[in-house]
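Grab a pencil and work through these exercises with the structure open beside you. Each task comes with a step-by-step solution.

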Amino acid sequence: MTTLLRSPESLYAAYDRFPTQKGASTHIARFAPALFRHAGGGLLYVLGDSSMPQRQLEENVEIVRFRREIPNFLERAIAFQSALSRIVDAARGSLRIAHFRDPWSGPPLVTANRSWAAVYEVNALPSIELPNAFPSVAPRTLAKIRAVELHCLEACDAVVTPSRTTASMLERLGVNRAKITVIPNGADPVPSQPRPVDAPERYILYFGAMQRWQGVDTLLRAFARLTDLDELRLVVCGSARSRDARRLESLASKLGLSDRVVWQYELHDRELRPWLANAELSVAPLRECARNVEQGCAPLKIVESLAAGVPVVASNLPPVREIVTDGIEGRLVVPDRPADLARAIRVLLHSPQRREEMSIAARRRVEESLTWDHALAALTALYERLDSLPHQRGRIALRPEISIEGARA
Amino acid sequence: MKKTLAALNALTPEQKAVLQEKRLEGSYTPQAMLALLRPVSEFDRLSDKSRVGIGCWSAVFFVLAVVCLIVTANGVIPWLLGAPLILGLLGAFLFFLVTVIRLSKVDLSNNFRQIALPFVAILREDMEKGEPMQMKLDLTAPTAKTKKTGESDAYALGVYYKVVDHFYRDAWFEGSAWLADGSSVSWAIVEDITESMRTKRNARGKHKTKSKYRKICHLAVDVTLPHKEYSVGAAEPSIDAKVKVKPAEKRTTLRLKRKVKIKSNEPWDVRALIELVAEAFRRAKPAAPAGGAA
Amino acid sequence: MMGCECRGGFFALRDCDQPVATSCGTCGRGVCSRHLSPASGFTQCLDCWAQGHGDEQQKVADDGSVPAVDRSVADDAAYDDDWAYGYRHGFYRSGYAPIYFGSHSSRYYDTYDTRSFDDDYGDESGFSEGDGGFGDS
Ligand SMILES: [Zn+2]
Ligand SMILES: [Zn+2]
């Protein structure tokens, strides 16, 4: 029923709006082209809004956007999936490899008698993430979503994840270790940037989204202890002036920081880069919560800071330790402790020489192993391995105690 | 006018009967109901529009006939020419007059086109195909003699030296339907109309009377929700309505009432009625699945 | 083969599931003959047609009051399916969220599941904007 503009050799599916200024979008913009290059063409299926074309053909890549606006998150995900099923039906003849990012895209791509390899890229599991966004999600609903995640993990041919922390969580869920490839997020080295005209003399930077688990409130409390440093400012570049952001703004004014914190929203990448490159420090005050500790996360902002040669002060959590070594590219501090965070920032601010050393180490760290080229080479190598194993789809690698009953309904 | 008369002639005997009787009572599927009434409504719409025009034309012919008569009587044109012209103009005048009277006799209350039809068309979406709904429609004029409930004593009001209020009660629409989800909806509309006849003397000393209308429309809706599908919860009220909840063993009935006040004799917005039904469904939550939440 | 993916109903929604006649030229859903919009020349489903044209029909007063005569029902409205879906679109836009039975193509998630997503927490949840990913920049 769905007719495609061309027969896709590969398919990249993500329940994310694309393109946007968010991390997920950056990831898709890097990974999807690598897939299409490898396969000689393909189809990108993502979310869109009415300002984006529903269909787009660029050389050998067709982009199809799911644009129906359904207010209910789950209903929209279900409708998104059923539209994907029809695309998969239409692409059945030509499809050789499929890459998906979530359990909403997964089921149609991991069907039993498929003729393509399926890669599941796990950045986070909705069964863990969703309660942050929707506190009233019923446990039985989360259990169902978890069952679908397990089904996708079991039936796919390979799992890709950006952090070892996430990989070990997946192992705990019963995924065969051999099936998992850790491909850290990348960042491209940022050359030195002109100082933004309206930038304060001296500032530390937070950039990114502002959900509670990001721990920006800890940073604000820490910053309140640094008010003796007269000329120091905190610049916060948020991805959107959301409810969370407004909550933090009012916290800042309660802490008496109104004229010391500069809030900016929705900066484009090229606008953000000068702010990042000229910061004294970049702070990633991630909270010590189940989401960050057990599931793991891939704080792209840390890698991007290193790539700009900016030392990072971050929470000492397993996924962060994969990127930053304490005392080398920055400092790792105990999470959720404003006093500790403030002390680490103060010490580094007092020592230009240490910052300089860290800056050099940071750039080196990225150039040696964290550029996008590294990530894409690892991804392409994985695709090539899958090409050579065409007849071993969906090997079962679940541990017996884990039930996936109902996952195939 | 041609179109209007053509629309009238194209009606089936059943549809013409609706126009004559202006009452409808019984069990209809919404499909049959809409099929029966859409052409009637279309005729009514055309008729409302063209009656004004036809009225104007009849007046024009009458004036022309009078002018002709005067001109001929004064000998400007000979009687031999004038007489047939006058007769012709009078004939045209009479024809148009009769048409207007004929059309106004079959005029339906606008409530029909602007409230009853859209409401049936919306309710139909929630009904199983082919399922009938019960309804009783009275489309005679809201201020028909039979609907009069009384009148006030004459009183004075500002420049009007004589005002008499006439009161009418028009219970023109009620009905009930089973919906596809097993719930039922019943509704009843009663309008209390006040026609205020106001007489004043104008600058030239002539007595002029005009009618002003105001009405209070009572909308009542019962929605019964089966427990098999729904549980009834609380909801922030979104409209100004009285809601009573009556739980029973297998179903809960929500009784909703609201008033719409209007300072004319025009129909209210059907949305007022749709919102009232919606207000009941806003309280409906899905029944917990069998076995409860795992 | 799946049935029509449109949803019938006004106060409560339910899956149509009638045999599919064709697919909608705009949203690509499989659509039965009843859910194809005659006004669109049978190229769109009633929902997509309503989305494109429903706003012209519906007049919602700014102050929320009930206007004496709604243009959407006054003149030459035919009160057919196109009209009803246009009205439905406008009515939902003005704030009514219908209860929904069944989830298309998924008998797996039921109403109880979808309902628990109704209290949308925030705009930067990383999810509400449809950003299913790790909303970390
Ligand atoms: Zn459509
Ligand atoms: Zn249908």
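A residue is called buried when its relative accessible area is under 20%, and exposed when that area is over 50%. Keep in mind that this is a predicted model.

**Exercise 1.** Decide whether C217(B) is buried or exposed, then do the same for K259(B).

*Solution.* Start with C217(B): its relative accessibility is 0%, so it counts as buried. Now take K259(B), which sits in strand β10 (residues 251-262) of chain B. Its relative accessibility is 57%, so K259(B) counts as exposed. Next, look at how the two relate: they are 42 residues apart in sequence, yet their C-alpha atoms are 5.5 Å apart in space. Finally, list the contacts of K259(B), skipping neighbours within four places in sequence: you get I216(B), C217(B) and H218(B).

**Exercise 2.** Work out which residues hold the zinc ion (ligand 2) and what geometry the donor atoms make.

*Solution.* First, find the donors. Three are sulfurs, the SG atoms of C4(C), C16(C) and C32(C), and the ND1 atom of H35(C) completes the set, at 2.0 to 2.3 Å. Second, check the angles. They run from 106 to 114 degrees, so the arrangement is tetrahedral. For reference, the ideal angle for four tetrahedral donors is 109.5 degrees. Third, read the donor spacing along the sequence: C-x11-C-x15-C-x2-H. Fourth, place two of the donors on chain C: C4(C) is in the segment before β1 (7-8), while C32(C) is in the loop between β4 (30-31) and α1 (46-57), so this pair ties together parts that are 28 residues apart in sequence. Both C4(C) and C32(C) are buried.

**Exercise 3.** Find out how many disulfides the whole structure has, and say where the nearest cysteine sulfur to C156(A) lies.

*Solution.* Search every chain and you come up with zero disulfides. C156(A) fits that result: its nearest cysteine sulfur belongs to C152(A) and is 7.7 Å away, whereas a disulfide needs the two sulfurs within 2.5 Å. As for its surroundings, C156(A) has 1% relative accessibility, so it counts as buried.

**Exercise 4.** Sketch a quick profile of chain A: what are its helix and strand counts, and how much of it is buried?

*Solution.* Count the elements first: 15 helices and 14 strands. Then burial: of the 409 residues in chain A, 63% are buried. For the contacts, consider those between residues at least 6 apart in sequence; 72% of them join residues at least 24 apart. Last comes the surface: chain A exposes about 15,800 Å², with carbon and sulfur atoms supplying 49% of it.

Key
Residues numbered from 1 in each chain as written. Chains lettered and ligands numbered in written order. Predicted model: local features only at pLDDT ≥ 70, side-chain atom pairs only at ≥ 80, totals over all residues. Heavy atoms only, no water. Donors = N, O, S within 2.8 Å, 3.2 Å for Na, K, Ca; no water. Tetrahedral: all angles 85-135°; square planar, octahedral: opposite > 155°, others 65-115°. Helix = DSSP H or I, 4+ residues; strand = E, 2+ residues; numbered from the N terminus. Buried < 20%, exposed > 50% of the residue type's maximum accessible area, 1.4 Å probe, protein only. Contact = heavy atoms within 4.5 Å. Areas by Shrake-Rupley, 256 points an atom, 1.4 Å probe, with all protein chains shown as cover.
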